[in-house]
Amino acid sequence: MLSNEKTFQRLAKQDARPVAYPIRSWDKVLTAHTVETSAEATVAGIKLPVKEISYIQDMGFLQELAISSLGAGGMVGNKLFMGKKLIIDTRKLEIALEE
């Protein structure tokens with residue numbers, strides 16, 4: 001899960017050690033921070049373990065604006081759904097998840 005530093009701190013496991021590493025974004029080298037979490041995301045009534053949360057240090061204004069404008073606490077990628085079948089019905093605007 002990619003989020004902001006405040007959410008990262010709140011959801012990090014107390015005994016977990018964060019890992020910092022360089023990433024490249026928009027021709028800049030930034031620092032990503034990742035730590036274990038016991039947070040869960042609920043999708044279509046099914047709880048999924050998030051396992052890790054990350055934030056990017058020193059993002060530019062436009063990047064932060066793009067993420068914060070979503071109005072969500074963070075973003076997840078495909079890893080959350082590995083081993084599952086995610087079904088999105090765009091006509092009915094419904095989401096289903098099969099384990």
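Colleague: How many helices and strands are there in the protein chain?

Modeller: The model is a predicted one. From the N terminus on, the order of elements in the protein chain is α-β-β-β-β-β-α-β-β. The count for the protein chain is therefore two helices and seven strands.

Colleague: Is lysine 47 buried or exposed?

Modeller: Lysine 47 belongs to strand S4, which covers residues 46-49. Leaving aside residues up to four places away in sequence, lysine 47 touches Glu40, Ala41 and Thr42. Its relative accessible area is 58%. A residue counts as exposed over 50%, so lysine 47 is exposed.

Colleague: Which residues make the nonpolar surface patch of about 520 Å²?

Modeller: Phenylalanine 61 is one of them, and its place is in helix H2, residues 61-68. Because its relative accessibility is 64%, phenylalanine 61 counts as exposed. The residues that make the patch are Trp26, Phe61, Leu62 and Leu65.

Colleague: What share of the area exposed by the protein chain do carbon and sulfur atoms supply?

Modeller: Buried residues make up 25% of the 99 residues in the protein chain. The chain exposes about 7600 Å². Of this area, the share supplied by carbon and sulfur atoms is 52%.

Colleague: Among contacts between residues at least 6 apart in sequence, what percentage join residues at least 24 apart?

Modeller: A contact here requires heavy atoms within 4.5 Å. Among contacts in the protein chain between residues at least 6 apart in sequence, the portion joining residues at least 24 apart is 50%.

Terms used
Residues numbered from 1 in each chain as written. Predicted model: local features only at pLDDT ≥ 70, side-chain atom pairs only at ≥ 80, totals over all residues. Heavy atoms only, no water. Helix = DSSP H or I, 4+ residues; strand = E, 2+ residues; numbered from the N terminus. Buried < 20%, exposed > 50% of the residue type's maximum accessible area, 1.4 Å probe, protein only. Areas by Shrake-Rupley, 256 points an atom, 1.4 Å probe, with all protein chains shown as cover. Patch = residues over 30% accessible without salt bridge, like charges linked within 9 Å, V, L, I, M, F, W, Y side chains within 5 Å. Salt bridge = Lys/Arg side-chain N within 4 Å of Asp/Glu carboxyl O.
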